[in-house]
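The following exercises are to be worked through with the sequence and the structure in view. Each task is followed by a solution in steps.

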Amino acid sequence: AQAGLEALRLVRTPSRRPALSLAMAPKVAAAKADAKPKAKAKVEADVEEDKNRVEKPDREAFDATLAVIQEGIDALQKKQADLAKRIAERSGGKEEFFAKKAELRGQLDEFSKKIDALMEKKNE
């Protein structure tokens, strides 16, 4: 820092303000000297960054794992389809049951009306 002040050579002007001389400041030389340590630091930073970098994924391993998972999914879907088929077979008679139930309910309503008519006749 002191060398930098000497290189600037402050000159007094008639207005009593310091002025800078036209001499080249040693900052340029210092900057060139500092460039080498910065380059080393940059190389070290790159090496450290390489250590922290995530490796490229292995496509073949991913595909193999995906194939195993897909086989499991396919097996479960086949099992689900079989169960759905069995449920459909058992519930297929349900429609016939409700149709027969409605028919019997109609007959029961007819007999109830006849019984009510006979009871009214009897009570008169």
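**Exercise 1. Compare the span of helix H3 with the span expected from its number of residues.**

Solution. The model is a predicted one. Helix H3 has 65 residues, which at 1.5 Å a residue should span 96 Å. The expected span is 1.5 Å times one less than the number of residues. In the model, the end C-alpha atoms of H3 are 92 Å apart, and this agrees with the expectation. The helix also has a kink of about 25°, centred on Glu 89.

**Exercise 2. Place H3 among the elements of the chain and state where confidence is lowest and highest.**

Solution. The chain contains three helices and two strands. Read from the N terminus, their order is α-β-β-α-α. The mean pLDDT is highest, at 93, in helix H3, which covers residues 59-123. It is lowest, at 47, in strand E1, residues 11-12. Over the chain the average is 78, and 67% of the residues score at least 70. Where pLDDT is low, the predicted coordinates should not be read in detail.

**Exercise 3. Identify the salt bridge of the structure and describe the setting of its two residues.**

Solution. The structure holds one salt bridge. Its partners are Asp 63 and Arg 59, with the closest N and O atoms 3.7 Å apart; the cut-off for a salt bridge is 4 Å. The two residues lie four residues apart in helix H3, so about one helical turn separates them. Asp 63 has a relative accessible area of 35% and is therefore partly exposed. Arg 59, at 58%, is exposed.

**Exercise 4. Classify the aromatic pair of the structure from the angle between its planes.**

Solution. There is one aromatic pair. Phe 97 and Phe 98 form it, with 5.3 Å from centre to centre and 65° between the planes. Planes over 60 degrees apart count as edge-to-face, so the pair is edge-to-face. Phe 98 is partly exposed, because its relative accessible area is 45%.

**Exercise 5. State how many of the residues count as buried and what surface the chain exposes.**

Solution. Of the 124 residues in the chain, 1% count as buried. The exposed surface is about 12,300 Å², of which carbon and sulfur atoms supply 59%.

Methods
Residues are numbered from 1 along each chain as its sequence is written. This is a predicted model: local features need pLDDT of at least 70, side-chain atom pairs count only at pLDDT 80 or more; totals for chains, interfaces and linings use all residues. Side-chain values use heavy atoms; hydrogens and water are left out. Rings of Phe, Tyr and Trp (its six-membered ring) pair if their centres lie within 6.5 Å; planes under 30 degrees apart count as stacked, over 60 as edge-to-face and the rest as tilted. Buried means under 20% relative accessible area, exposed over 50%, partly exposed in between (1.4 Å probe, protein chains only). pLDDT is the predictor's confidence in each residue, from 0 to 100. Accessible areas come from the Shrake-Rupley method with a 1.4 Å probe; for residues, only the protein chains shown count as cover. The bend at a residue is the angle between axes fitted to the seven residues ending there and the seven starting there. A salt bridge is a side-chain nitrogen of Lys or Arg within 4 Å of a carboxyl oxygen of Asp or Glu.
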